Amino acid sequence: RYEAARAARGLPALQPGDAADLWMLAVSPDYRGRKIANHLSSAALAHAHASGFKTVVVETTGNFSAASVRKAGLTEVACLPYAEAAEESVRPVGASPHPYIRLFEHTTPGTAGVGAP
C-alpha cells in the first residue's frame, strides 16, 4: 500500500538505500507529556536529511506516535489495518489496542523524493 500511495502521488518507487526509516522511538512513562517525542522526531528527521537522505519514512502503531511525526512535518501516505498486514515484519509485537499501522513520509522540498545524493 505504501508504494501504491507513492505511485498515486506521482513519486518513483523507493529502492533499498533511497530513504531513511525512523524506527522505534519511545519515551519513558515518567517523562511523557513534556513533548520529548516531538523533539526527538524533529531531531531525527533533521539528522536524516542532513545525512543526505531526501526521503524519510516512518511506520506508527499508535495515536501518540502518529501525532508526534505529524508535528515533525511528516505526511500520512497510507493506513494499513493490522488484520491485512501481509508481512510478519509489519505486524506489531504482541497485542495492540490500535487497529492500524500508519505510514508517514517526509521529502526534502524541491527534490524528487529519492535517496541520498
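**Arg102 and the sheet around it**

At 22% relative accessibility, Arg102 counts as partly exposed, because anything under 20% would be called buried and anything over 50% exposed. That makes Arg102 a handy place to start a walk through this structure, which is a predicted model.

What does the side chain of Arg102 meet? It meets the side chain of Glu76 in a salt bridge, with 3.0 Å from N to O. Arg102 sits in strand 4 and Glu76 in strand 3, so this pair ties together parts that are 26 residues apart in sequence. Glu76 also meets Arg70, again side chain to side chain, in a salt bridge of 2.6 Å, N to O. Put the shared partners together, and Arg70, Glu76 and Arg102 are joined into one network. The count of salt bridges in the model comes to two. Side chains of opposite charge can pair when their charged atoms come close. As for how open these partners are, Glu76 counts as partly exposed because its relative accessibility is 28%. Arg70, at 42% relative accessibility, is likewise put down as partly exposed.

Now for the sheet itself. It is an open sheet of four strands, in the order 1-2-4-3, and the pairing is mixed. Which strands are at the edges? Strand 1 (19–22) and strand 3 (75–81) are the edge strands, each pairing on one side only. On average, and ignoring direction, neighbouring strands of this sheet are turned by 20 degrees against each other. Strand 3 pairs with strand 4 (residues 100–107) in the antiparallel sense, and the pairing runs over six bridges. Here Arg102 turns up again: in strand 4 it is the residue that stands opposite Cys79.

Helices pack against this sheet too. Helix 3 (residues 63–71) touches strand 2, strand 3 and strand 4, and its direction makes about 10 degrees with that of strand 4. Helix 2 (residues 36–50) lies across strand 1, strand 2 (55–60) and strand 4, and it runs at about 145 degrees to strand 2.

Helix 2 is worth a quick length check. It has 15 residues, so at 1.5 Å a residue it should span 21 Å, and its end C-alpha atoms are indeed 21 Å apart, which agrees. The span comes out this way because the rise is multiplied by one less than the number of residues.

Which residues of helix 2 are buried? They are Asn38, Ser41, Leu45 and Ala48. These residues cover an arc of only 100 degrees around the axis, which puts them on the same side of helix 2. Among what covers them are strand 1, strand 2, helix 3 and strand 4. Turn to the face of helix 2 that points away from the buried side, and the exposed residues His39, His47 and Ala50 appear. Helix 2 is then followed by Gly52, whose phi is positive, near 105 degrees.

Glycine is not alone in having a positive phi here. Most residues other than glycine have a negative phi. Even so, Met24 has a positive phi near 60 degrees without being a glycine. Met24 is found in the loop between strand 1 and helix 2. With a relative accessibility of 69%, Met24 counts as exposed, because the cut-off for exposed is over 50%. Lys35 is another non-glycine residue with a positive phi, this one about 65 degrees. Lys35, too, lies in the loop between strand 1 and helix 2. A relative accessible area of 51% is what makes Lys35 exposed.

One more residue leads back to the starting point. Where is Glu59? It has its place in strand 2. Glu59 is partly exposed, since its relative accessibility is 33%. Leaving out residues up to four places away in sequence, Glu59 touches Trp23, Ile101, Arg102 and Leu103. Glu59 and Leu22 are 37 residues apart in sequence, yet 7.9 Å apart in space, C-alpha to C-alpha. So Arg102 shows up once more, because its heavy atoms and those of Glu59 come within the 4.5 Å that contact means.

Technical notes
Residues are numbered from 1 along each chain as its sequence is written. This is a predicted model: local features need pLDDT of at least 70, side-chain atom pairs count only at pLDDT 80 or more; totals for chains, interfaces and linings use all residues. Side-chain values use heavy atoms; hydrogens and water are left out. Two strands pair if DSSP finds at least two bridges between them. Helices (H or I, at least four residues) and strands (E, at least two) are DSSP runs, numbered from the N terminus. Axes are lines fitted to C-alpha atoms, for helices over the stretch in contact, and angles run from 0 to 180 degrees between N-to-C directions. Buried means under 20% relative accessible area, exposed over 50%, partly exposed in between (1.4 Å probe, protein chains only). The arc is that of the directions from the helix axis to the C-beta atoms. A salt bridge is a side-chain nitrogen of Lys or Arg within 4 Å of a carboxyl oxygen of Asp or Glu.
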